[in-house]
Amino acid sequence: MGLSNSRKEDSTSITYHSIQNVDNDDIYTKDGTIDYCNNPANKLTTGTWKACPYILGNECCERLAFYGISSNLLLYFKNQLNEHSVTASNNRSNWVGTCYATPLLGAYIADAYLGRYWTIASFSIIYAFGMLLLTLSASVPGFKPICSENNVCYATDFQTALCFIALYLVALGTGGIKPCVSSYGADQFDDADETEKKYKSSFFNWFYFSINIGALVAHSLLVWIQDNVGWVWGFGIPTLAMGIAIISFFSGTKIYRNQKPVGSPLTRLCQVIVASCRKWDTKMPDDITLLYGGANTDFFTAESQKPKHTRDLNFFEKAAVETETDYIEGSIDPWRLCTITQVEELKSLIRLLPIWATGIMFSAVSNQVGNLFVLQGSAMDIRLGNSGFEIPPASLGIFDTISVIFWVPVYDYIIVSFAKKMTGHRNGLTQLQRLGTGLFISIFAMLSAAVLEMVRLGIVRRHNYYELDHVPMTILWQVPQYFIMGCAEVFTFIAQLEFFYDQAPDSMRSMSSALSLTTTSLGSYLSSFLVILVTAYSTRNGDPGWIPDNLNYGHLHYFFWLLAGLSAINLAVFILVARRYTYNR
């Protein structure tokens with residue numbers, strides 16, 4: 001995937017800067033990165049924008065594969081596996097949730113053992129195998145669901161199990177890619193080089209842009225193929241895209257910059273917690289330089305990678321106070337004495353948690369783009385005028401993607417320039433200001449969906465259209481809610497990616513990126529939980545409930561109002577925690 005001419009000029013300027021300002025002894029990166037031969041990374045021949053197209057191309061194709069499955073998965077469950085609306089919605093939400101939970105495993109493996117490069121490569125193979133199995137489950141007789149002449153389908157237990165095994169192999173595969181690929185792209189820019197560092201924020205914008213190029217193809221072409229040609233090609237093309245993603249990634253091997261794995265961050269964090277609890281009554285020294293390991297760099301290859309000392313959460317600093325009981329036969333017991341660097345790692349993570357928690361509600365709202373928005377669209381008129389062309393309900397997600405593709409360059413080139421004049425901040429808005437703006441905008445996406453559903457149900461009741469599959473109201477009225485949601489994602493998800501990468505110690509960046517992804521996981525699970533909760537509540541007297549199989553008898557707008565209200569409360573909590581947050585410099 002190519003970059004714009006301005007990005008190529010950026011790469012040239014970085015190289016020129018390097019040639020003019022370093023001597024022969026300083027042509028290597030200062031952040032400890034290495035090349036594919038395990039030698040120090042040469043600034044002139046590795047990294048920067050020349051390495052990014054391979055990473056962005058990988059992400060674009062992988063996301064095309066992912067959204068090629070997830071965009072229409074609810075209707076596949078409902079129409080091919082013959083599941084009820086609530087069951088199909090929850091199964092999709094749970095699968096998406098798992099896709100964004102497995103990154104914790106991938107991040108652990110990357111940080112502790114394989115490094116980001118080999119983790120992406122290894123899990124991509126698992127991902128591709130899952131995609132192949134899913135394609136077989138929709139195409140091979142005996143594996144695929146059985147459909148009658150009137151297009152009513154059902155699946156045996158074996159066929160359903162095969163489908164879900166394939167889907168959860170994909171979920172496992174994505175767990176090794178998602179937490180590493182954004183961090184790996186950012187690794188291509190040297191934090192110790194101010195010229196390179198300033199382009200890192202722009203990389204995250206273009207990273208999210210490439211995601212949505214893949215999503216654009218998935219929401220438009222692939223959804224249409226799935227609805228009109230068949231699921232063999234509908235799943236086969238994403239499988240091919242995953243193969244291209246793997247090829248793209250390996251093509252850049254020789255010019256990548258790689259961070260060495262530095263051991264399990266979870267083990268180091270647990271050691272701090274245990275050691276500080278054991279020393280809960282130990283007196284702290286007046287001079288913090290007396291704490292153990294102030295100059296220790298065992299876990300880091302560059303001094304610039306060490307987290308700086310902070311003055312909050314001082315209880316955990318007790319883990320770095322030396323006592324006589326910290327030694328066993330002359331050796332340090334790591335569960336009794338930890339370096340101050342380890343302590344700062346834990347403190348950095350704890351400070352992120354309140355901000356992290358507020359992202360869960362946003363993800364529950366964003367989950368509706370491929371979930372209840374699709375269900376709502378399936379109850380509307382999908383014909384495009386008198387042309388006879390039918391719009392697949394899931395393809396409306398293209399407007400979410402178009403919105404993202406529109407707003408990324410607008411934000412990068414217009415909003416940032418305007419905001420710089422207003423705030424004086426080098427990025428226009430701080431990461432938390434950008435994140436909070438997205439949370440605010442997302443409320444209006446839910447309000448738009450709720451109002452539309454009220455109008456749709458009004459037409460049903462006035463004309464007694466209860467038994468119609470498609471109410472005579474064009475599905476294009478859904479466009480505003482998709483477009484608003486896309487705008488919210490540009491502010492929130494990109495800021496979240498950058499924030500969790502920037503505020504984490506270098507040794508924990510894959511883990512921190514995985515932590516940011518778990519908001520999507522927990523948001524999907526929260527969406528599933530809320531659907532179960534409101535279904536149990538709304539059907540307790542024998543009523544059809546808020547989300548019945550026939551939405552004409554339901555109250556889907558109540559669910560959208562609920563999400564809007566919870567989002568408003570979430571925004572208020574975010575403002576409180578963001579005002580108390582101190583950026584890790």
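Select Asp 381 and Thr 474 first: Asp 381 stands opposite Thr 474 in strand S6. Strand S5 (residues 380-381) pairs with S6 in the parallel sense over 2 bridges, where pairing requires that DSSP finds at least two bridges between the strands. Strands (E, at least two residues) and helices (H or I, at least four) are DSSP runs numbered from the N terminus.

The model on display is predicted; local features need pLDDT of at least 70 and side-chain atom pairs count only at pLDDT 80 or more, whereas totals for chains, interfaces and linings use all residues. Residues are numbered from 1 along each chain as its sequence is written, and side-chain values use heavy atoms, with hydrogens and water left out.

**Strand S6 and its surroundings**

Show the side chains of S6 next. In a regular strand, side chains alternate between the two faces of the sheet. Along S6, Val 471 and Met 473 point to one face and are buried, while Pro 472 and Thr 474 point to the other and are not. Buried here means under 20% relative accessible area, exposed means over 50%, and partly exposed lies in between (1.4 Å probe, protein chains only).

Then add Gly 385, in the loop between S5 and helix H13 (397-423). Gly 385 counts as exposed, at 58% relative accessibility. The C-alpha atoms of Gly 385 and Thr 474 are separated by 8.6 Å, although these residues are 89 apart along the chain.

**Two asparagines with positive phi**

Move to Asn 464, in the loop between helix H14 (431-463) and strand S6 (471-474). Its phi is near 55°, a positive value in a residue other than glycine. Asn 464 counts as exposed, because its relative accessibility is 60%.

Asn 38 may be selected for the next view. This residue, which is not a glycine, has a positive phi of about 70°, and its place is in the loop between helix H1 (5-21) and helix H2 (52-70). At 57% relative accessibility, Asn 38 counts as exposed.

**The cysteines**

Select Cys 147 and Cys 153, which form a disulfide with their sulfur atoms 1.9 Å apart. A disulfide is identified as a pair of cysteine sulfur atoms within 2.5 Å, and a search of the whole structure finds 1. The link of Cys 147 and Cys 153 is right-handed, with 105° about the S-S bond. Cys 147 is partly exposed, with a relative accessible area of 36%, whereas Cys 153 counts as buried at 2% relative accessibility.

Cys 52 is in no disulfide; the nearest cysteine sulfur, that of Cys 60, is 14 Å away. Cys 52 is buried, with a relative accessible area of 0%. Cys 60 is likewise in no disulfide, and the nearest cysteine sulfur, that of Cys 61, is 5.3 Å away. Cys 60 is also buried, at a relative accessible area of 11%.

**The nonpolar cores**

Colour Tyr 76, Trp 95, Leu 167, Ile 547 and Phe 559: of the 131 residues in the largest nonpolar core, these touch the most other members. Such a core is a set of buried Ala, Val, Leu, Ile, Met, Phe, Trp, Tyr and Cys residues joined through side-chain atoms within 4.5 Å. Helix H15 (residues 479-502) gives the most to this core, with 14 residues. Apart from the largest core lies another, of 13 residues, among them Leu 269, Leu 291, Ala 320 and Leu 346.

Centre the view on Ile 547. Leaving out residues up to four places away in sequence, Ile 547 touches Val 86, Leu 372, Leu 375, Val 531, Leu 556 and Phe 559; a contact means heavy atoms within 4.5 Å.

**Helices H17 and H9**

Follow Phe 559 into helix H17, whose buried residues include Leu 556, Phe 559, Phe 560, Leu 563 and Phe 574. At 1.5 Å a residue, the 25 residues of H17 (residues 556-580) should span 36 Å, and the end C-alpha atoms are 37 Å apart, which agrees. The expected span is 1.5 Å times one less than the number of residues.

Select helix H9 (residues 231-251) for a second case: its 21 residues should span 30 Å, and its end C-alpha atoms are 31 Å apart, which agrees. Among the buried residues of H9 are Trp 231, Phe 235, Met 242, Ile 246 and Phe 249.

**The whole chain**

Finally, zoom out to the protein chain, which has 17 helices and 6 strands. Of its 585 residues, 58% count as buried. The C-alpha atoms fill a box of roughly 80 × 55 × 55 Å, taken along the principal axes.
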